[in-house]
Amino acid sequence: MKLIEGKPIAEAVYAECRTELAQLQAAGHLPGLAVVLVGDDPASKAYVASKDDKCRELGFHSLKIERPAGISRGELLETIAELNADPAIHGILVQMPLPGHLDEDEVILAIDPAKDVDGLHPINLGKIAMEDPTGFAPCTPSGCQRMLVESGIETAGRHVVVVGRSLLVGKSLALLMMGKGPGANATVTVAHSRTRDLPSITRQADILVAAIGRPRFIGADHVRDGAVVIDVGINRIDDPSARRGYRLVGDVDFDAVAPKCDAITPVPGGVGVMTIAMLMRNTIRACQMATGA
Ligand code: NDP
């Protein structure tokens, strides 16, 4: 069984980013990413801090914009309009979820699609469906695809079963995997909470992707011998022995499933590491496209 770790693959993505950053800087350009945080949810704060840290470490221009949970719809849309108009900013990410009084779809629609490095604007999702290379793919699905490519796992003609149909992960990954590029050309099945007899479907997978949000939901019965398993799930479970009182587990019961697999991603240290790497990659591309460099 091969363990597909995220870190070395993310490092390869960062190495590409550094090379392309040097080329952009030589042409007088600096990629800029703005991350907007509304409220003070601890998990969102931690995500935003790690994105900001990575930008600074790579040498990007980084703007962290913190707004109170009570911000009005108009004020938030105005903030986004300012970022859309700011030539030093090439990528805009609004950290989700937003407080209940704000409409997340409206906020995503307000972001200039050319700066939507999170890949959630309908224009970018449409471009992904159309296989238009100027589109930005959402970071977690493109991170999964990159892991398969870098690990030398053939996807062409193979049966990929994705469990989960969110736009952020499952549905977008299905679109990428059924495309025609590298790490694609797969036959894709998407399962969800209304799927009947899930184990009989997932056992058909050459490559099984779990994006469910339920700790250790995928067990040995769901996986055929020799499958490749990509675990997108990040779930907190109580663990009194851990320093913070909890630990992170995936949607896959790793100990039960790993012995059956050809290859599997761990949690933590698997897909999660790739998401920020692909965000940085998208920000570089946004800068390249905006400047023509
Ligand atoms: P959502 O809650 O938006 O979607 C979960 C999906 O799982 C839904 O489509 C749902 O089906 C399906 N599902 C739920 N229960 C079952 C079940 N019993 N059987 C089959 N399908 C089921 O979650 P996300 O897609 O946003 O995230 C999924 C997981 O990935 C979470 O653990 C999240 O933390 C993690 N994640 C990790 C990231 C990373 O960087 N690694 C980034 C984003 C998410 P239905 O549509 O019918 O309700």
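## The open sheet

In this predicted model, three strands form an open sheet whose order is β3-β2-β4, and their pairing is parallel. Strands β3, spanning 61–67, and β4 lie at the edges of the sheet, since each of them pairs on one side only. With direction ignored, neighbouring strands of this sheet are turned against each other by 15° on average.

The pairing of strand β2, which covers residues 32–38, with β3 is parallel and is made up of seven bridges. Within this part of the sheet, Gly32 stands opposite His61, the latter belonging to β3.

## The cavity and its lining

Rolling a probe the size of a water molecule over the atoms shows where empty space is left. In this structure there is one cavity of 30 Å³ or more, and the space in the largest cavity comes to about 50 Å³.

The lining of the largest cavity consists of Ile92, Leu93, Val94, Met96, Ile108, Ile111, Asp116, Asp118 and Leu120. By class, the residues of this lining divide into seven that are nonpolar and two that are charged, with no polar residue among them.

## Where sheet and cavity meet

Which strand gives the most to the lining of the largest cavity? That strand is β4, residues 91–94, which contributes three residues to the lining. Strand β4 is also one of the edge strands of the open sheet, pairing on one side only, and in the strand order β3-β2-β4 its neighbour is β2.

Notes:
Residues are numbered from 1 along each chain as its sequence is written. This is a predicted model: local features need pLDDT of at least 70, side-chain atom pairs count only at pLDDT 80 or more; totals for chains, interfaces and linings use all residues. Side-chain values use heavy atoms; hydrogens and water are left out. On a 1 Å grid over the protein atoms alone, a cavity is a set of points where a 1.4 Å probe fits but cannot get out, and a pocket is an open set with protein on both sides within 12 Å along at least five of seven lines; lining residues have an atom within 4 Å of a point. Grid points are joined across faces, edges and corners, and a volume is the space filled by probe spheres set on the points. Helices (H or I, at least four residues) and strands (E, at least two) are DSSP runs, numbered from the N terminus. Ala, Val, Leu, Ile, Met, Phe, Trp, Tyr, Cys and Pro count as nonpolar, Asp, Glu, Lys and Arg as charged, and the others, Gly among them, as polar. Two strands pair if DSSP finds at least two bridges between them. Axes are lines fitted to C-alpha atoms, for helices over the stretch in contact, and angles run from 0 to 180 degrees between N-to-C directions.
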